[in-house]
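Please open the model in your viewer, with a cartoon for the backbone and side chains ready to be switched on. The tour goes from the whole chain to one helix, and then to pairs of side chains.

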Amino acid sequence: MVKEEDVDNKKWEFEYVTKMAHFYKVWIEKTFSQKVDIQVDEMIVRSGGRLRIIDTPTLLEDHADRGRDIFHFYLTYFRPLWTDCTCEGYFAENFGMVLWSKSPQKNDLTFLMETNCPKVSHELAHEFLRKKGYKNYKELVHDIWDKHLFASLPFEHYDVDYKQTEKVALFATIDTSSLRS
């Protein structure tokens, strides 16, 4: 999601989001043994005119309009009103959203990688563990997330070729060593 007045200033972020989506296609397949198709688009929120508040129910309506059987993930500029995730995200069946934090400076890919990318992986892990039939999928992901926040567990980092690395990275995810199928 992007506000109409921010479209031009956020082109560089959309380029990163597009690369990140392709990365997550591979990551989901490797981590959860599930093949997914991806499509990336910008949901431009028009300014002025109608007094329509964009919130989680609006996104759920968009999700229903696009097809409830298709997994949709939204990167938003607002926090969900209700969530049990400390990463400021929300998920439901075939639906995910997360607060996409604004980079303090243009072209700061490290900020996007370290701040936003792990939150996306957190919500994706919830959904794909749910799809695999894990009864405790919420707790599994939250235990890992808590270790990242409070026990210095490092995120996994991946390079431009989607290979795990400790050198120059472009993407970061939650630690998946305990989740791999």
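Each stop below names a selection and describes what is there.

This is a predicted model, in which local features need pLDDT of at least 70 and side-chain atom pairs count only at pLDDT 80 or more, while totals for chains, interfaces and linings use all residues. Residues are numbered from 1 along each chain as its sequence is written, and side-chain values use heavy atoms, with hydrogens and water left out.

Begin with the whole chain, coloured by secondary structure, which comes to 4 helices and 7 strands (DSSP runs numbered from the N terminus, H or I of at least four residues for helices and E of at least two for strands). From the N terminus on, these elements follow the order β-α-β-α-β-β-β-α-α-β-β. The radius of gyration is 16 Å, close to the 16 Å of the globule rule for 181 residues, so the chain is as compact as a globular protein of that length; the radius is taken over C-alpha atoms, and the rule is 2.2 Å times the number of residues to the power 0.38.

Next, select residues 11–32, which form helix 1 and reach 31 Å from the first C-alpha to the last, close to the 32 Å expected at 1.5 Å times one less than the number of residues. Which of its residues are buried? Among them are Trp-12, Tyr-16, Met-20, Tyr-24 and Trp-27, where buried means under 20% relative accessible area, exposed over 50% and partly exposed in between (1.4 Å probe, protein chains only). To see what covers the buried residues of helix 1, add strand 3 (72–76) and helix 3 (109–131), which are included in that cover.

Now show the salt bridges, of which the structure holds 3 (a side-chain nitrogen of Lys or Arg within 4 Å of a carboxyl oxygen of Asp or Glu). Lys-10 and Glu-13 meet at 3.6 Å, N to O, with Lys-10 buried at 18% relative accessibility and Glu-13 buried at 6%. Lys-35 and Glu-29 pair at 3.2 Å, N to O; here Lys-35 is exposed at 71%, whereas Glu-29 is partly exposed at 34%. In helix 3, Arg-130 and Glu-127 are 3 residues apart, about one helical turn, and their side chains form a salt bridge at 2.7 Å, N to O.

Finally, select Cys-87, which is buried at 1% relative accessible area. Cys-117 is in no disulfide, and the nearest cysteine sulfur, that of Cys-87, is 12 Å away, against a cut-off of 2.5 Å between sulfur atoms.

Note on methods
Contact means heavy atoms within 4.5 Å.
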